[in-house]
Amino acid sequence: INSGCFIGDNVSIDTDSYIYPNVSIYDSIKIGKNNIIHSNSVIGSDGLGFAKNEISWEKVEHLGNVEIEDKVEIGASCTIDRASFGSTILNSGVKLDNQVHIAHNCNIGKNTIIGAKTAIAGSTIIGDNCLIGGGCGIVDNIKIVDEVRINPMTYVTKSINKSGIYS
């Protein structure tokens with residue numbers, strides 16, 4: 001764990017993980033073995049959880065956590081939001097380039113790789129062995145099956161139910 005890092009309460013970091021400078025890991029985060037988290041990434045911040053009342057937006061508390069399994073690499077300046085309840089999960093072997101945003105309650109499948117400046121909205125499920133190019137946007141509450149390639153700069157607005165290449 002390098003200088004300038006913040007590690008919250010009830011955080012579990014397993015063996016052989018390397019955390020570069022200025023990483024913030026909020027409370028109740030679970031990090032597995034052999035992970036790398038690059039500088040300025042934030043793990044466990046609140047997602048965009050607000051409910052509209054008659055005159056303003058009211059904050060909805062995020063009471064869940066983030067679970068990062070083994071052999072995950074998180075690039076510089078990534079943000080992984082805590083779940084509103086339950087867990088936001090990065091499964092074993094996930095690789096994130098720089099400036100990737102994973103919103104609350106997402107589940108990213110094993111050995112999936114995500115290019116820089118991609119944003120995945122809340123409660124989205126990404127399958128195993130997917131390749132998501134840089135600059136993609138993926139809307140909330142959809143599912144993408146295993147073995148899907150999404151070309152760079154693609155905007156995904158509905159679930160993908162068949163393996164293949166999409167633009």
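What is the order of the strands in the open sheet of seven strands? Select them one after another and the order reads E2-E5-E10-E13-E16-E19-E22, with parallel pairing. Strands here are DSSP runs of at least two residues and helices (H or I) are runs of at least four, numbered from the N terminus. Two strands count as paired if DSSP finds at least two bridges between them.

Before going on, note that this is a predicted model, in which local features need pLDDT of at least 70, side-chain atom pairs count only at pLDDT 80 or more, and totals for chains, interfaces and linings use all residues. Residues are numbered from 1 along each chain as its sequence is written, and side-chain values use heavy atoms, with hydrogens and water left out.

**Stop 1: across the sheet**

Start with the edges, E2 and strand E22 (143–144). Each has a single partner strand, so one side of each is left without a neighbour in the sheet.

Next, select strand E5 (residues 30–31) together with E10; the two pair in the parallel sense over two bridges. Lys30 has Glu67 as its bridge partner in E10. On to strand E13 (residues 87–90), which is joined to E10 by four bridges and runs parallel to it. Glu67 appears again here, opposite Ile89 in E13, and Asn65 has Ser87 of E13 as its bridge partner.

From E13, move to E16; these two strands are parallel and paired over two bridges. Leu90 is partnered by Ile108 in E16. Strand E16 (residues 107–108) also pairs with E19, again in the parallel sense and over two bridges. Ile108 stands opposite Ile126 in E19.

**Stop 2: the nonpolar core**

Select Leu96 and Ile144. They are the residues with the most contacts inside the largest nonpolar core, which has 34 residues. Such a core is a set of buried Ala, Val, Leu, Ile, Met, Phe, Trp, Tyr and Cys residues joined through side-chain atoms within 4.5 Å. Buried means under 20% relative accessible area, exposed means over 50%, and partly exposed is in between (1.4 Å probe, protein chains only). Strand E10 (65–68) and strand E23 (148–150) each supply at least two residues of this core.

Which residues does Leu96 contact, leaving aside its neighbours within four places in sequence? They are Glu73, Ile74, Gly75, Cys78, Ile80, Leu90, Ile102 and Ile114, where contact means heavy atoms within 4.5 Å. Leu90 was met at the previous stop, as the bridge partner of Ile108.

**Stop 3: a salt bridge**

The structure holds one salt bridge, defined as a side-chain nitrogen of Lys or Arg within 4 Å of a carboxyl oxygen of Asp or Glu. Show the side chains of Asp46 and Lys59 to find it, at 2.9 Å from N to O. Asp46 lies in the loop between E7 and E8 and Lys59 in strand E9, so the pair ties together parts that are 13 residues apart in sequence. Asp46 is partly exposed at 31% relative accessible area, and Lys59 is partly exposed at 40%.

**Stop 4: a surface patch**

Stay in the loop between strand E7 (42–45) and strand E8 (50–52) and select Leu48. Leu48 counts as exposed because its relative accessibility is 74%. With Phe50 and Trp57, Leu48 forms a nonpolar patch on the surface, and together the three have about 410 Å² of accessible area. Patches are made of residues with over 30% relative accessible area and no salt bridge; like charges are joined within 9 Å, nonpolar side chains (Val, Leu, Ile, Met, Phe, Trp, Tyr) within 5 Å. Accessible areas come from the Shrake-Rupley method with a 1.4 Å probe, and for residues only the protein chains shown count as cover.

**Stop 5: three loops**

Select Glu61, in the loop between strand E9 (57–59) and E10. Glu61 is partly exposed, at 48% relative accessible area. Add Ser84: the two residues are 23 apart in sequence and 6.7 Å apart in space, C-alpha to C-alpha.

Most residues other than glycine have a negative phi. Asn10 is not a glycine, yet has a positive phi of about 60 degrees. Look for Asn10 in the loop between strand E1 (6–7) and strand E2 (12–13), where it is exposed at 66%. Ser123, also not a glycine, has a positive phi of about 60 degrees. Ser123 sits in the loop between strand E18 (119–120) and strand E19 (125–126), and is partly exposed at 28%.
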